[in-house]
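What follows is a briefing on a structure, grouped by topic, with the criteria for each term given where the term is introduced.

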Amino acid sequence: MLNIAIFASGHGSNFEALHHAIADKKIQAKIVVVISNNSSSGALSLAQSFNIPAFHISQQQFSDPNLFHQKILKTLQSSNTNFIVLAGYMKKLDPAITRVFADRIINIHPALLPKYGGEGMFGMNVHNAVIAAKENESGATVHFVNDEYDKGSIIAQQKITIEANDTPETLAAKVLTVEHELLPSVVRMFSERI
Ligand code: GRF
């Protein structure tokens, strides 16, 4: 069975969508731990309300960055994690972690990669750039995570059409709705492979 660790920094709506899909038995998997670098992340409070172990682990808590990475690795190992979902995690995972979980880490990105990805392309920056470029479509991408921002191979994408009256805010809301379908569908695919 997939034992999933969620990494999240923000609201945690993708985590919530995945949790509900699992609770509704649409996916045979378990979310075993939630890790956030942000103590006020909605993902941590959601995890508590779902009775899922949740940890605030931030680089600032450690004098040596290696101790920070080791703490994350230990937390993953002690929860028996065998699959990692980055759901709005605003930090790059250290190679010490990506090496151990090679091909078992996925990320959701709010655009159609390879466009609108890379360092600095997160949150509203993405949607502002897509609207400024007058794109006709955008969407969400789930991809494998490697050591470069948004460069791991693409697993699945879902497109949406951009209307003439869309703003970065309306686009963000539309893409997020699509993310809440795409991420569980990809996790389901992995859960059926294991
Ligand atoms: C999503 O748009 C995701 O694509 C990006 O960060 C956002 C997280 O949203 N990586 P939430 O915290 O899941 O609500």
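K25 is placed in the loop between α1 and β2 (29-36), where helices (H or I, at least four residues) and strands (E, at least two) are DSSP runs numbered from the N terminus. The model is predicted, so that local features need pLDDT of at least 70 and side-chain atom pairs count only at pLDDT 80 or more, while totals for chains, interfaces and linings use all residues. Residues are numbered from 1 along each chain as its sequence is written, and side-chain values use heavy atoms, with hydrogens and water left out.

**Backbone features**
- Although K25 is not a glycine, this residue has a positive phi of about 65 degrees.
- The peptide bond that runs from L113 to P114 is cis, with omega near 10 degrees, and P114 belongs to the loop between β5 and α5.

**Ligand surroundings**
- The shell around the ligand (residues with a heavy atom within 4 Å of it) consists of G10, H11, G12, S13, N14, G88, I108, H109, P110 and E179.
- Sorted by class, this shell has two nonpolar, seven polar and one charged residues, where Ala, Val, Leu, Ile, Met, Phe, Trp, Tyr, Cys and Pro count as nonpolar, Asp, Glu, Lys and Arg as charged, and the others, Gly among them, as polar.
- Polar contacts (pairs of N or O atoms within 3.5 Å) link ligand oxygen atoms to the protein backbone: the distance is 3.2 Å for a polar backbone atom of H11, 2.8 Å for a backbone N or O atom of G12, and 2.8 Å for a polar backbone atom of N14.
- Of the 370 Å² that the ligand exposes when taken alone, the protein buries 85%, with accessible areas computed by the Shrake-Rupley method with a 1.4 Å probe.
- The elements that give two or more residues to the shell around the ligand are α1 (13-23) and β5 (105-109).

**Largest pocket**
- The ligand sits in the largest pocket, a placement that requires more than half of its atoms to lie within 2 Å of the pocket's grid points.
- On a 1 Å grid over the protein atoms alone, a pocket is an open set of points with protein on both sides within 12 Å along at least five of seven lines, and a cavity is a set where a 1.4 Å probe fits but cannot get out; lining residues have an atom within 4 Å of a point.
- The largest pocket has a volume of about 910 Å³, a volume being the space filled by probe spheres set on the points.
- Its lining comprises 41 residues, of which G88, Y89, M90, F122 and G123 lie nearest the centre of the pocket.
- Helix α6 (168-193) is among the elements giving two or more residues to this lining, and with four residues α6 supplies the largest share.
- The lining of the largest pocket divides by class into 17 nonpolar, 17 polar and seven charged residues.

**Cavity**
- The structure holds one cavity of 30 Å³ or more, and the space in the largest cavity is about 30 Å³.
- The largest cavity is lined by F68, H69, I72, Y89, K91, K92, L93 and D94.

Terms used: Polar contact = N/O pair within 3.5 Å; in protein donor to acceptor, adjacent residues only side chain to side chain.
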